[in-house]
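Have a look at this one with me, and let's talk through how its strands and helices are arranged.

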Amino acid sequence: MVNLSTFQQYLTTNAPLSQPLPRSFNSDEQHLRKWAALLPLQTETQQIEQLEQVLTELRTANIDDRQRLTLFNIVLDAANQLIALLRQHYIYETQAFNAYQLDYVAQVKSLYYLMIMGYDGVIKREIILLADNESQSAINLWQRYFINDKSSPITLAIATYQTLLMYQKLLFEEALCYQKPTASLWSNINQLYYMACQQRTVDIDVSTYITTYCADTIHQLYAQLCLHSLLNVRAMRRANILMVQRLLLEWSEHLIITVEPQTETKVFVNLNSDSAPTYLTAHCAINPYDAHHDCVFIELAALVAHLKSRRDKLIEEGREGAEYCLLNTVAMTLSYRYIKPRLTLPIKQSAKQEAYVITRFNDIHYRVSNQQSLSSLIVAKVLPDYQQPRYDTLPKKHANDKGLAVETFDGRFNDGAVNNDDFSIFRTLRLLPKPKEPVATAEHMACKNVHSFFGPEASIKSRETNDTLEKDYSPKGIKDIASIANNDVLDSIKPPSLRIMSLFLLCRPHQSASPDWSIGVVRWREMDNEKPEIDWQVLGHQLIACGIRLHNRDNRSRHFVPALVVGGDEQLQTVRKDSLTGIDNRLGFELQLTKVYEQAKQGALTAGLFYIQLDNVGKIRSSLGLQGIDTTVQQVAYALDELMTNEIEGNSHVSRFSDTAFTILVENQNTAALEKLAKKIGSTISDMLIEVDKRTTSTTASIAIVKIEKNTPEPRVLLERALDAINQIMIETSNHGDTYHLYDASEHANSDDHALAESLVDAIANNRFELSFQPIYDINHDRSDFFEVYLRLPLADANNTVLTPDQFMAVAKAHKLLEKIDRWILINACKKINDVRKSHPDARLLVQLTNASLIDKKLPSVASQLINAVGGKAGALTLQFNEKDIADHLTVAKSQFKALNQVNCLLGINNFGSSAKSVELANFVQPDMVRLARNYVEGIDNPENLETVKSLIMRTNEISVDVLMPYIEDAATMSVAWSVGARYLQGYYLEAPRACHQLSQTTQETK
């Protein structure tokens, strides 16, 4: 049997790798399949011994690694059957595992260790062979012809996938034992994923080559590993742990892991560490946003939305069972811990007070009811039948059970004084260790358990069964079991009584006649400290009843049921202040918005909601770092708070909604006043000079205005409207911002949308779109035969209106027309350029596509046909996607870019530089060119801005990616554009977009 120490020693030993022999093992494969088929006929012990022997022999055999993997798959199937049988001995245990069950766990883990050890050799050999192939790339073709190349990224991908799968199962076993995974386990997992990213095997679909049950790629499997860690399963019941492991595949499909954070997520993994996924705090060892750290970021919002959707569906179907409860718990936990973390006040050592907690509803009931059951409290024997309890409390347990000893830090018993900690509903308590008792040895416990089966009245059949048990668990076998458990650190750990979302009663020491209680629910539990800390939410401090009577209107029954009724507490408030700025945070804003909405709904007032998004955040981050962002946010917050105090006579409410966004609620202001205030807010922010460590920066803001009136929809929809208005500003200003947009509900009426959608469908079907082409100047070749394509939609109205994409793409997206519009642009643009290339064969196209095409698996085939139609030369067609769309679909984008490159299609990134890790994103997907975001070009005459642009272009050129500098609208910009290092220049100062028939004139001028 292999234990943890032997396994770790094997992985850290740099033993010389033997080169496999290139010979066929077909006969061995047939023999192994026959052995695997007969293996279940033997005893469990015999099966374990044979599996260990076969795995060891396969690991050391001198055979080709591809053949080795084939044989491993046969053995893996046999091992999985045995492991499923062994796990039946302990997975349904509700208490701590006994010595026998720990032995089964050790056997299961030993098999996983052996399988990892076998795959480890394959991985090491494949990495060496692939590295050798790269170093020999310069060898002449006739020499390489005679080299016996046995390396393959597929082989490496399969071995890595199977290794991660074994690590996942090891994590499952650790969770069932309530043990913390060792640091080396996560170190190995992170190293494997990082290696797969470097070797570009992370997205290879291994289901084509082996049978997969839980994931098809290494990336998907790693997502499951991360999610399992984030869920804190050791703070759950064992039954829920098993259910999580069963649902992990479905849930992980909604987990997004990217190199570049897509939102303001703070969940990340340092791939060069031994740490599991981590939530970013001030105590983290690194700043994951620094470019020199190899980190991935985890987005959880989509997963939480899926969990809530699934939960609601179960409610509709009337299936509110175990899965419903788990979904609800997990969704609330992820939101509390990672998405909307609540502030718990710092632990103050001077205010700590020892107390104890009572867990489980039944025990809480007996404590608060003075040891009386519900039937006794309501005197059930004198009640009529229609009032009898539907169910009663369970018989009470030992009255002297005082629960779990804890330390509290809320100050409620601080010499009778009330302090501010009492106002927080989110608090912390710390579990105290139990007094040490003599610990029975594994041998003693095993013997005790064996002999407890026997009794004086046992039947002959049961006696025979017990004889078998006594024989199987002999003293020698028990000693071996204890030795194994100690060597592999298999402690018998009891499942926690304080689990996530479990109810408890906190009982403080008291000297008065009235008890000092608090009823609460666990929101998070840290499992790994000597004194585990628990985040909990206060539900109340006064328990006023232990049962209620139900009023059923259908049959007029009045049944009693056990319940804990909590009295109101006016002092209990929510922490809703932002720690950086001192103004209200998002929670405070949401409470205020709900209050204003309810008053507006009753006609008591009208209000305006301002959503203020700071612009050029990526630029500030690139030049001044996180300190620059924090200082900017602080100064803007102070300015907004002061402005509202001075400008608004009525009620106003300023909040920090997210990292770089603010909200303002103002009451009883008409539309003109709201727009005037928006202009004032914008000018106030843009006029600010913000000092950051002896440097000066500035910013602007995009401002959305949403009116709140009697007939407006619920607060959630109001926020969605504000975000839609911000998106509209970004479209209208080409991501520049620095303006406001008043959301007008009439502009979004269904009739208008349907009319525009019909026009779009007609334009696609009858070629009513128009295309124009803007030349791009290539500095390297001194020519302008590279054209960017622009789409327009002329309307048949009296004003001859012509719509630009920012005016119709939102409707196109709502009606799922994006892919069709993209296809129309591609086909018709290629038709136009094909006519030009007959006389000017070097003419090229740059076509902007939407995210619908980015995830379209048919796009490479379409692009290949179009490139062949226009001459088949590489570079004839360049497809461009927005940086945000690529970041939102990073894994898919990587695969799509690779597929398009294989058909001679060039790729570009538009709006480049809009995030903090743009260069890292480009390095990951490897485009041919990038097009700078507008805010880098505007203000380039400023020396500091110019240096920022040069720095970004230099870093981009270092990864062999060309840069296009657009928006050159005047001579001043043109004068500095030559010196920044960009290869391509574009703008109205050079040439305006032209109709198709004018392209020949442009190419002729170039020649």
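What follows is a short chat between a visitor and a guide about this predicted model.

Visitor: In what order do the 6 strands of the closed barrel run?

Guide: Neighbours in this barrel pair in the antiparallel sense. From one strand to the next, the twist averages 45 degrees. Going round the closed barrel, the order is E5-E6-E7-E10-E9-E8.

Visitor: Which residue in E7 is the bridge partner of valine 406?

Guide: Start with strand E6, residues 404–408, and strand E7, residues 426–431. They pair antiparallel over 3 bridges. Across from valine 406, the partner in E7 is leucine 431.

Visitor: At about what angle does helix H12 run to E9?

Guide: Helix H12 covers residues 322–339 and lies across E7, strand E9 (516–525) and strand E10 (533–540). Its angle to E9 is about 85 degrees.

Visitor: And helix H13, what angle does its direction make with that of E5?

Guide: H13 takes in residues 361–368 and packs on the sheet. It touches strand E5 (353–359), strand E8 (503–508) and E9. With the direction of E5, H13 makes about 115 degrees.

Visitor: Which are the edge strands of the open sheet?

Guide: That sheet has 4 strands, ordered E1-E4-E2-E3, with antiparallel pairing. An edge strand here pairs on one side only, and that picks out E1 (256–258) and E3 (278–279).

Visitor: Which residue in E4 stands opposite isoleucine 256?

Guide: E1 and strand E4, residues 295–299, run antiparallel and are joined by 3 bridges. Facing isoleucine 256 in E4 is glutamate 299.

Notes
Residues numbered from 1 in each chain as written. Predicted model: local features only at pLDDT ≥ 70, side-chain atom pairs only at ≥ 80, totals over all residues. Heavy atoms only, no water. Pairing = 2+ DSSP bridges. Helix = DSSP H or I, 4+ residues; strand = E, 2+ residues; numbered from the N terminus. Axes fitted to C-alpha atoms, helices over the stretch in contact; angles between N-to-C directions. Contact = heavy atoms within 4.5 Å.
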